[in-house]
Amino acid sequence: MQMQTLTLRGSPSARRAAPPPASSAHLAAPGPCALRVPRSLRRRRPRTLRASASLEQEVKEVAGSPVPSAGKSCQATRRDVRNIAIVAHVDHGKTTLVDSMLRQAKVFRDNQVVQERIMDSNDLERERGITILSKNTSITYKGTKINIIDTPGHSDFGGEVERVLNMVEGVLLVVDSVEGPMPQTRFVLKKALEFGHAVVVVVNKIDRPTARPEFVVNSTFELFIELNATDEQCDFQTVYASGIKGKAGLSPENLADDLGPLFEAILRCIPEPRIEKDGALQMLVSNTEYDEHKGRIAIGRLHAGELQRGMEVKVCTPDDACRVGKVSELFVYQNFSRVPVESVSAGDICAVCGMNDIMIGETIADKITGTPLPTIKVEEPTVRMSFSINTSPFVGREGKYVTSRNLRDRLYRELERNLAMKVEDGETADTFLVSGRGTLHLTILIENMRREGYEFMIGPPKVINKTVDGKLLEPYEIAAVEVPEEYMGSVVELLGKRRGQMVNMEASGPEGTTLLKYKIPTRGLIGLRNAILTASRGRAILNTIFDSYGSWAGDLSSRDQGSLVAFEDGSTTSYALLNAQERGLLFVQPGQDVYKGQIVGIHQRPGDLAINVCKKKAATNVRSNKETTVVLDEPLSYSLDDCIEFIQEDELVEVTPSSIRMCKNPKISKKK
């Protein structure tokens, strides 16, 4: 079976796709990468071929081409490889689509039991149902190797997306057939267009009853225009798909029985990797992993030359800091695993072992003539939290690593892989300031650390402000809220109290929901998610994305109720909790150990209240015929995310492998 290829030559008559093979008759379509949108939305511009835009001036490696003279590198492209990243907003179906692509590429045996979302291998990813780390895999289709990178969809992990875009030549932009482009869709598309990548738009979940593909394609096209895409980039190919059913087609009414149209679109519209086959070795490290036996593994795309096992190389950065290393093992991605090889040619994505001090952004280059590639740059963090050692009376009961040295080593080790995070020393030797893209970004780090056996305390999240020309600026985000019409008034009131400014309001599908878009200070978003869920009885959906820095919006209050604070150390009793629950909602149950200063509930009024939850009923020598039955309310169960959003300026969250508690900050209490 022959692979469908596209040969680019100087004459216009040659700029046509090769006829599709007999097995792909369903792919017959006017033009190889044509966009099907209403003519009223199109710019007046000449028809262009998407695949030829970025390659028209390049030299193809074809049979019979002259051999370059010694000392000159050969500019060429590899026809047998495609490198793509799958990007989208959260919950638009990226990982499910990759599952279907792997199954149809016969990566798994017919009788093999494969779990859902096979790419989400991390425990936290499976529990939360989101992708946190970008991951590599590859499939082979009609003799062409397609390297696929699955990326996170949540805005807090945008650094993962920015990092891997260095390894690919094109992206699959997955858009929900009902929701259309969302805040993170805009972010990932903006980054892909800045890199000059080709884009194939996949309208996913086309089998939903309320799907509106024409609206989604038009909205996506308008988004391209807003982001100043070139005419060639605006001529994107649209593929309609159902990731969970493994079907795709070039029109929403005519889907094939498999993902063949999607694979053909990748081969037809994603450019082949540009390489310097005979040039000096260059490979930019875009990701790192760790293996107990192999040590640190560097992952990246080979831009030029050939990398061989056992080869001595130079590891360098643009600031001329170089050192020598040796490649002990070399791997490429094949299907769903890493396969050892002796050599890798330019254009492919590979994994390199043997350099335990290598970092993301460094270049593996030729030992003698190699030069570094530009390093990876990601956007600055917007939220900061303080990490400190555990100072509660329960310190050391549950955790394995409790000292400041343990905490410091772990936090700085996180920087080796997480480029969007920053760590600074705090005011004291046992305090560290950790900055990230958002509270979820930092919460995932905290959750991973507690599962590794660390015990520490964290302070409330604070936004990172800037001062420009004497003016105080704070970060603003675009918040998109999908809410049923009957709860819209309550949600609008909540956003208004937090200094939000309405940008747009429109109907969202035929389900009676409204899409609200607000520009709101980042500090106004802290604790907002739970408040919106409460106001809408759990039916609202909140999505946010960083927008820009703007003028200080003024003071705002995020919590109207105070805390119930334990009066003394001890074990809680039913007798004491019966009286305490009249003061508010409790976090504790009978028989639970508490300490003085621990937050045991939410006060029903503003201000904190110290209560005794360990008080025992006075014993007398008068026997009663029957013990009094005590009926207690069910205590609140707060997750780590809920606790971080709940605490105020003078409060801390105590994190241990087994427990999550909240307490008053003794340092601030003493100052008062």
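**Sheet arrangement, nonpolar cores and cysteines**

In the predicted model, strands 32, 34, 30 and 35 form an open four-stranded sheet in the order 32-34-30-35, with mixed pairing. Strands are DSSP runs (E, at least two residues) numbered from the N terminus, and two strands pair if DSSP finds at least two bridges between them. Strand 32 (584–586) and strand 35 (609–611) are the edge strands; each has a single partner strand, so one side of each lacks a neighbour in the sheet. Strand 32 runs antiparallel to strand 34 (residues 599–603), and three bridges join the two. Gly601 in strand 34 is the bridge partner of Leu586.

The largest nonpolar core (buried Ala, Val, Leu, Ile, Met, Phe, Trp, Tyr and Cys residues joined through side-chain atoms within 4.5 Å) holds 38 residues, of which Leu173, Leu189, Val199, Val201 and Phe224 touch the most other members. Domain 1 (75–272) and domain 2 (275–365) both contribute residues, so this core lies between them; the domain bounds come from an automatic or database assignment. A second, separate core of 29 residues includes Met101, Ile146, Val200 and Ala241.

No disulfide (a pair of cysteine sulfur atoms within 2.5 Å) is found in the whole structure. The sulfur of Cys316 lies 4.2 Å from that of Cys322, the closest cysteine sulfur, which is too far for a bond. Cys316 is buried (under 20% relative accessible area, 1.4 Å probe, protein chains only) at 1% relative accessibility, and Cys663 is likewise buried at 3%.

Residues are numbered from 1 along each chain as its sequence is written, and side-chain values use heavy atoms, without hydrogens or water. Because the model is predicted, local features need pLDDT of at least 70 and side-chain atom pairs count only at pLDDT 80 or more, whereas totals for chains, interfaces and linings use all residues.

Notes: Buried means under 20% relative accessible area, exposed over 50%, partly exposed in between (1.4 Å probe, protein chains only).
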